[in-house]
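Please open the structure in a viewer and keep the selection tool at hand. The stops below are best taken in order.

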Amino acid sequence: MASDSDRREVIDEALQLGQWAKASTMLAELWHQQPAMANAAYIVSRYQRMSSELSMMPYRLGLLRSFTVEPLVPLLRAAAFASGVNLAVQVGDFNAYAQEILNPSSHLYQFKPDAVILAIQARDLLPDLWYRFTELSPEEVEQVIDRTRKDLSDWVKTFRCYSKAHLIIHGLEMPLRPSAGILDAQGKLSQVEALRRLNEGIRSLAREYPGVYILDYDALVALHGRLRWHDEGKWLTVRLPVAADCLIHLTNEWLRFLHPVTGKVCKALVTDLDNTLWGGIIGEDGMSGIQIGSEHPGAAYQSLQRAMLDLYQRGIILAVCSKNNPSDAMEALENHPGMLLRPHHFAALRVNWNDKAQNLREIASELNIGIDALAFLDDSPVEREWVRSQLPVAVIDLPQDPMGYAEALRDSPFFERLTLSDEDRERGRYYAEERQRTELKGGTASLEDFYGSLQMEVEIASVTPRMLTRVAQLTQKTNQFNLTTRRYTEQQIAEMSASTDWRVYSLQARDRFGDNGLVGVAIARFDGDFCEIDSFLMSCRVVGRTVETAFLSHVAAEALHRDARYLRGWYLPTKKNDLVKDFYKSHGFKLIGEREKGSLWEFGLNNGCIRTPKWISCRIEEANTQ
Amino acid sequence: MTELVLVSVRRIAADLFDIPLEQVLPHSSTATIENWDSLHHLNLVLGLEGAFDVQFSPEEIAKMQTVESIALLVQNKLSGGK
């Protein structure tokens, strides 16, 4: 992968050349990969240089605060830029939030904010309750609560008089440890209970006034761990209560509120199937082989489906985009007992072998929503990168471990809503019922550039003894990218590779996302002028990246090297291998025979050659003498 | 290793002060870099803490006056444990 400094050179060059869109995409990518302080400063500085050139949505945020928030501002602005919002931030004076709200000609109102965040802490708002709780009588505690509730109520009411901006109020955080220790939980009106009551008071204010929302700060801190969140040194010296590595979490929480108020939210989630909605590959592993259910290992996938159902209930439209045979996919969706999601939950289905970016365009058009209103979920980093490079779709990154899938989806800010209407609740269903298929065609941007960016390497080798198990296994379980679907045992593979009339090739592939391992097998039989491809198969993991062409190219070159004049191969159709029915045709083979069992194709080796795609670097391991 | 830390510190400082990397040299200090005010100093501290997964004490933060001394401090923390 390109190093950071290389990437910055490219970005700065793009800026100099006036390639705003390219610079902007790369900056957003940089942010998503490393949302850190230094990157934030760099990203903000570069976006500012071109802010007049990009059509970004301007948005004004006022920050009223009782603690140091300045270091968060560049993080927030970088994150906003990366999602297409040019955020201007005004930070109010330290602990002057009440004056700012109550004075109609304050800096706050002059700034004309679209949204205001009231970032206050209990220790600043009611220091008596926070620091001197053990000295207070229950009556005094009640007084403090009443007074503070009244203050808050006055502030919100006054704010609503002077401004139409959204107001986001931090709920109050519980102390690390209550002043009275474990005794606190035993008393009638504990310190924690007092803070909870105040939080309930803030919640009722939010219900009372339109455009007022609560940020549950205590839950946010708890999620990341109170001890880790709090940095006593920074608090006591510079009045920053948040540790360096938690600043990004507060930034992201603020963004969750800014997404819906700026309209940067997604209406639909498009999901992959194999290894995303369930474990395994339905076309290979079948109904009994895929993992989905309430027990491990299917449980992780069921948790993800539960998270999707929650989105569906919130009015998010669900759709499927999967490289699969439609009948296999539908069987799992309809009949697998472990599935929580069923076909009726999905408003659009694209189950085919086409480019996913193209499928996403079609889905957006079918649902009649903007392409930027789609979010995309896929376990393959290659598919994610491709979609990200092609479309302004919100791509949700998944961790390697399926156990983390549900959390990754729930953590994504793109679906946040501040209100939920009955119509929202119904929307998912409505779209699913309106499902129609419209055939559309549209040009895609450069696929070749993308292939190049994958840095694909393949290694083609004659099969060695240590590969026998994997090679035999591939012939036995590969169904989809498999021209003849002939199943062989280890013993048979060993015999063929030992014979002079046969060659058995293996293919290993890697790209910049990692090593895919041994993913392809080709078996060729030589007979005079003819070389017949007995078997040619690839794992689904690498299908659609032209690796197969590199592999076929090598088989052809070897055949020519062994003085064959014609390369021949059967396509034997099965229920599963529709994917490869045009494989030979698309590589320049001529149809020379058709029988009931399948079709025979031939390639004249003296009249042409099959080229290895230029974006694949190909290494040939010479045959071991056996 | 020290060289690597020094380069990283320089890069982080250059980003946070919004000046070219070439202008952040080992002997650069609060006196020679105009943008290096107290707010940028806090950003630098937080940026370094986040990037290297370390934490500085108030005394250390007060002493972080030149790029070189900061790199040394980070280096010591990395090799001596936090």
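The tour of this predicted model visits a sheet, a helix and the contact between two chains.

**The sheet of chain A.** Begin by selecting β11 to β18 of chain A: these eight strands form an open sheet of mixed pairing, ordered β16-β17-β15-β14-β13-β12-β11-β18. At its edges lie β16 (590-594) and β18 (616-621) of chain A, each of which pairs on one side only. From one strand to the next, the twist averages 25°.

**Two strands and a helix across them.** Within chain A, select β11 (residues 456-462) and β12 (residues 502-511), which are antiparallel and joined over six bridges. One position to display is A:Ala461, whose bridge partner in β12(A) is A:Ser506. Next, add helix α24 (residues 490-498) of chain A, which lies across β11, β12 and β13 (514-527) of that chain and runs at about 110° to β12(A).

**Helix α16 of chain A.** Select residues 299-313 of chain A. The end C-alpha atoms of this helix are 21 Å apart, which agrees with the expected span of 21 Å because its 15 residues are counted at 1.5 Å a residue. Its buried residues include A:Tyr301, A:Leu304, A:Met308, A:Leu311 and A:Tyr312. After α16(A) comes A:Gly315, with a positive phi near 95°.

**Where chain B touches chain A.** Finally, display both chains: 15 residues of chain B are in contact with 14 residues of chain A. On the chain B side, α1 (2-17) and α2 (38-52) each give two or more residues. The most come from α2(B), with eight residues. By type, the chain B side divides into seven nonpolar, four polar and four charged residues.

Key: Residues numbered from 1 in each chain as written. Chains lettered and ligands numbered in written order. Predicted model: local features only at pLDDT ≥ 70, side-chain atom pairs only at ≥ 80, totals over all residues. Helix = DSSP H or I, 4+ residues; strand = E, 2+ residues; numbered from the N terminus. Expected span 1.5 Å × (residues − 1). Buried ≥ 20, exposed ≤ 12 C-beta atoms within 10 Å, placed from the backbone. Contact = placed C-beta atoms within 7 Å. Nonpolar A, V, L, I, M, F, W, Y, C, P; charged D, E, K, R; others polar. Pairing = 2+ DSSP bridges. Axes fitted to C-alpha atoms, helices over the stretch in contact; angles between N-to-C directions.
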